[in-house]
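Visitor: Please take me through one part of this model in close detail. I would like to see what surrounds the ligand, and then how that part sits within the chain.

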Amino acid sequence: MSVRFVKSSVSSYGLAPCDESRALRLIELCGRTAYKSEEKITEDSAKKFVLMLKARGHLSVLEHSNIVLKVEKDPAAQVPGGTEPVTFADISDALPDRLGFHRIFPVDSGSGFLMAGNFRAWIETLDSLKRLEHVHGFLLWSLNRFFPVLFPADGQAAPAPSRASLVEEEEQLELLKTDPYFDLPVFVFRFVCDRGVTHEVVRHRVFSFTQESTRYVNYQNKGMVLILPEELYNSYDAAKGELAPDDLLAGEWAKRAEVLFHWYREDLARGLRPEIARDILPNLLKSEIFVSGRWSGWKHFILLRDSSQAHPRIRFLAKEVRKYFANLGLEC
Ligand SMILES: Cc1cc2nc3c(=O)[nH]c(=O)nc-3n(C[C@H](O)[C@H](O)[C@H](O)COP(=O)(O)OP(=O)(O)OC[C@H]3O[C@@H](n4cnc5c(N)ncnc54)[C@H](O)[C@@H]3O)c2cc1C
């Protein structure tokens with residue numbers, strides 16, 4: 001049969017990794033989900049793939065990531081020319097238009113600060129900091145120490161008398177659990193749901209998304225996969241992934257779906273590209289979407305979507321997300 005039904009599902013990928021190699025692999029996985037080309041992933045394909053995205057300006061995929069730096073004054077550092085340490089005020093004064101893309105918290109009575117942002121945020125923030133040479137030079141120098149592929153050093157700027165350390169996932173989580181003010185970690189989920197529901201998910205603007213593309217994916221050979229509607233739950237054999245053959249309602253749904261898919265294939269056969277042939281695909285089309293965001297965003301998502309007002313299938317996603325956070329000890 002060329003049409004299949006599957007149930008919605010949620011996979012958690014935990015906190016966005018703080019080491020470059022794992023971070024690049026996650027971004028590759030997200031990016032390849034859009035084109036359904038995961039079979040091209042190899043041991044060493046991530047670096048090339050992510051640099052290709054960066055070079056082409058497809059920076060939204062690079063948002064499934066997080067770098068948290070702790071910046072402190074380094075009394076031992078000797079920087080010629082009397083350069084001042086980089087402070088919280090330097091950053092917040094210089095970046096009023098970019099602060100929303102970061103989390104910045106003064107720590108140690110204001111002598112240091114924590115600054116979090118995804119790869120895209122850091123790349124674009126560095127760009128807008130170029131006029132502040134010592135801040136730009138110091139941040140680039142620091143990012144290059146931990147993420148040399150994405151932040152190649154320009155070899156020019158001398159660092160300020162400050163030091164930056166990387167705040168790792170475990171410490172980010174501990175800080176958040178101690179005080180939700182420290183909204184530092186980015187949590188990554190993969191939803192398998194229908195296109196109608198992904199359309200609702202992407203309304204949550206504070207998140208980052210990468211979604212299976214109906215423009216690029218050609219379902220001709222893969223077959224059309226739909227999300228199981230609630231009214232068919234009792235007619236579905238989850239182990240086999242099949243609808244009961246003798247169920248009238250299930251038969252009716254399968255018949256309609258086959259007709260739509262037949263029209264889709266006819267349109268491809270008369271030369272239309274998948275991005276045009278997709279017009280006939282239904283809202284129930286299975287779609288995979290990576291969604292990344294901080295606890296504040298997920299908490300908001302759970303409050304709005306794990307509600308009797310919400311669509312049952314987005315509510316299912318929100319309940320699963322809620323369970324994940326409850327297991328971490330984070331409750332709404
Ligand atoms: C039950 C239900 C029914 C709905 N029905 C409809 C409908 O009929 N039609 C429809 O179009 N949508 C509908 N929606 C979608 C809804 O309007 C929101 O787009 C969606 O829930 C995302 O919520 P949000 O904007 O609060 O979240 P986010 O976009 O994630 O925003 C989170 C927070 O970020 C801040 N923020 C983000 N962007 C801005 C901004 N540009 N300006 C100021 N603050 C910002 C705000 O503080 C906000 O609380 C519905 C949602 C629900 C839950």
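Guide: Start at the ligand; keep in mind that this model is predicted. Ten names make up the shell. One run of neighbours in sequence comes from Arg 203, His 204, Arg 205 and Val 206. The others are Gly 297, His 300, Leu 304, Arg 305, Gln 309 and Ala 310. By class, the shell holds three nonpolar, four polar and three charged residues. The charged ones are Arg 203, Arg 205 and Arg 305. Val 206, Leu 304 and Ala 310 are the nonpolar ones. That leaves His 204, Gly 297, His 300 and Gln 309 as polar, because Gly is counted in that class.

Now step back to the chain. It has 332 residues, and 37% of them count as buried. Its secondary structure comes to 12 helices and 12 strands. The C-alpha trace spans about 80 × 45 × 35 Å along its principal axes. Among contacts with a separation of 6 or more, 69% link residues 24 or more positions apart.

One sheet deserves a look as well. It is open, has four strands and runs in the order β4-β5-β3-β6, with antiparallel pairing. β4 (102-107) and β6 (162-166) are the edge strands, each pairing on one side only. Neighbouring strands are turned by 20° against each other on average, direction ignored. Inside the sheet, six bridges join β3 (residues 67-73) to β5 (residues 112-117), and the two run antiparallel. Lys 70 stands opposite Leu 114 in β5. In general, strands of a sheet pair through backbone hydrogen bonds.

Note on methods
Residues are numbered from 1 along each chain as its sequence is written. This is a predicted model: local features need pLDDT of at least 70, side-chain atom pairs count only at pLDDT 80 or more; totals for chains, interfaces and linings use all residues. A residue is near a molecule or strand if its C-beta atom, placed from the backbone, lies within 6 Å of it. Two strands pair if DSSP finds at least two bridges between them. Axes are lines fitted to C-alpha atoms, for helices over the stretch in contact, and angles run from 0 to 180 degrees between N-to-C directions. A residue is buried if 20 or more other C-beta atoms lie within 10 Å of its own, exposed if 12 or fewer, and partly exposed in between; C-beta atoms are placed from the backbone. Two residues are in contact if their C-beta atoms, placed from the backbone, lie within 7 Å.
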